[in-house]
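Visitor: I should like to take a close look at a single part of this structure. Please guide me through it in one connected account.

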Amino acid sequence: MKRFFSKIKMSRIRIKLFATILAILIVFFVLITVFSSPVLFKAFSSQTYHKMFNAAQAINACQPGTVTYYFELNSIAAENNLTFEIVNADGTLSYVSNLDGSAQGSGHFASSGSTASEYSELQPTDSYLYALDYENFEIRRRSPSNTKYFIYSRQLDTGETIHIYSAVADVENIVQVSGKVYSAISISMIIIMSIAFYVLVARFTKPLVEMNDITKDMAALNFGRKCGNYGKDEIGELGNSINTLSTTLDSTLIDLKDKNEQLERDIEKRHALDNARKSFINNVSHELKTPIAIISGYAEGLCEGISDDPEVIKEYCQIIRDESSKMNALVVELLELSKLESGAQPFTPCYFDIGQKTASLLSHLSLLFEQNGITVSNKIPEHIECYAQEDKIEIVLKNYITNAVSHCSGEKKIDISCREHNGFLEIRVFNTGNAIDKQDLPEIWDSFYRADKAHGRSENRFGLGLSIVKSIMTNHKCRYGVENVENGVAFTFEVAKDSGYYDNKQ
């Protein structure tokens, strides 16, 4: 059934194309037929004019009075199939050609003043004015027979005037015969060309119908059918383009399906981020709620004069001060994390001595080490330069070291070392103590996450330090990590040795 309807559609296309081409062909031949008679008449008129003009030139070149003069005139008239008359200045005939007579016949001579010029007996006519584009060339008619003649007139060098005649009917007969021959040829050509066009149209429409069916399958997302080889012309190129389009759409739909799945994953990830954001807000609220409650409680006690003892009042004020300090530290860390994650701060790396920076930081934290009984070993040599944001790398070092102090146990040792590889400096901070649970390793870089629940806000630790490290290293496009090693835990991060690393990242 489908094939049947396809044939009907093919026939419709074939009929439309064939009818259009045939109509154009018929109109073309009709127009040529209509305009051929005037064109042919004008062409033959032009030919007649040039024949008369050349004959007049030949007659003018003849020498009157010679023995052969009249023979030459008669010969010119016979060769050109023309009749002519030569008229004296006074209007009398000097010579009249006669194709049926001899050169010496009496018809060639006119008695002086006895015979009038035939030209004067002919009447002007408006027939075929479009064919009279030449000087001294006209058409006149004879009454009452209405016979028309082409007439060419000019003055000879002898002072005589010559009138050359040619029947218009001769040209009309030729035009009529030519028109009939052309009509017969036109009808034959229309028939032959119609058959040829029908065959060509049938060959032309077949691939179009096939391509139409294939594109319908494509619209139904069925890309299994392909166009055949239709040659190297535009139809063949169209078929190849449809095949290419089918293949591209097929692959695009597959890619779109993959991207749709990716989008679903992204939506799930977004939901996870929303949940993380809610969790972040809850954590911030929780972290702020405790110091605010403590400050509020002790401040209210002071306002109500809960005690007159100066030592108690001093203790209350100290507690308020400590809680305010903790809350301030939390806000500072939150602001720092927000700036890093939003990219609000410009990335301005420079060369600096990381060995000297580490030594200076350890010097400032020496009292913290003494209070916790920790032995620190710094194996980073001084005068070793890197290319990074100096203040941010200092934050990373400080967070790693203070984190190591908080979790240091056992032998209570912290080792800080450095190794160079592939254009980077890898800084390693090791502390003795308990290993981090494997399930906690991926989570420790998240905000407010504490792997060690025993340590908390009492030590001004809010679970933001490693999140800040993560953001700083992400901005530096450098690696960072943590691993459980023998007798403890090692945190690492990398910094570029020179600016060429960031030039390659552009």
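Within what distance do the axes of helix α6 and α8 come, and at roughly what angle do they cross?

Guide: In this predicted model, the axes of helix α6, residues 354-364, and α8 come within 11 Å and cross at roughly 50°. Angles under 35 degrees count as roughly parallel and those from 65 to 115 as roughly perpendicular; α6 and α8 are therefore oblique to each other. The crossing in which α6 passes α8 is right-handed. On the α6 side, the residues that meet α8 are Ile354, Lys357, Thr358, Leu361 and Leu362. Their counterparts in α8 are Glu390, Ile393, Glu394, Leu397, Lys398 and Ile401. By class, the residues of this contact of α6 with α8 comprise six nonpolar, one polar and four charged.

Helix α8 also packs with helix α9, which spans residues 465-476. Here the angle is about 145°, and the axes lie 9 Å apart. The crossing of α8 and α9 is left-handed. From α8, the contact draws on Lys392, Ile393, Ile395, Val396, Asn399 and Tyr400. From α9, Gly465, Leu466, Ile468, Val469, Ile472, Met473 and His476 take part. Nine nonpolar, three polar and one charged residues make up the contact of α8 with α9. Ile393 of α8 appears in both contacts, as it meets α6 and also belongs to the contact with α9.

The segment that leads into α8 also merits attention. Gln389 lies in the loop between β9, residues 385-388, and α8, residues 390-407. With a relative accessible area of 8%, Gln389 falls under the 20% limit and is therefore buried. The side chain of Gln389 reaches the backbone oxygen of Pro346 at 3.1 Å. Leaving aside residues up to four places away in sequence, Gln389 touches Pro346, Phe347, Thr348, Pro349, Phe352 and His476. Pro346 is thus both a residue that Gln389 touches and the one whose backbone oxygen the side chain of Gln389 reaches. His476 links this loop residue to the helix packing described above: His476 touches Gln389 and is one of the α9 residues in the contact with α8.

As for the wider setting, the chain has ten helices and 13 strands. Of its 506 residues, 34% count as buried. Among contacts in the chain between residues at least 6 apart in sequence, 64% join residues at least 24 apart.

How values were computed. Residues are numbered from 1 along each chain as its sequence is written. This is a predicted model: local features need pLDDT of at least 70, side-chain atom pairs count only at pLDDT 80 or more; totals for chains, interfaces and linings use all residues. Side-chain values use heavy atoms; hydrogens and water are left out. Helices (H or I, at least four residues) and strands (E, at least two) are DSSP runs, numbered from the N terminus. Buried means under 20% relative accessible area, exposed over 50%, partly exposed in between (1.4 Å probe, protein chains only). A polar contact is a pair of N or O atoms within 3.5 Å; within protein, one must be able to donate a hydrogen and the other to accept it, and residues adjacent in sequence count only if both atoms are side-chain atoms. Contact means heavy atoms within 4.5 Å. Axes are lines fitted to C-alpha atoms, for helices over the stretch in contact, and angles run from 0 to 180 degrees between N-to-C directions. Angles under 35 degrees count as roughly parallel, over 145 as roughly antiparallel, 65 to 115 as roughly perpendicular and the rest as oblique. A crossing is left-handed if the near helix is turned anticlockwise from the far one by less than a right angle, and right-handed if clockwise. Ala, Val, Leu, Ile, Met, Phe, Trp, Tyr, Cys and Pro count as nonpolar, Asp, Glu, Lys and Arg as charged, and the others, Gly among them, as polar.
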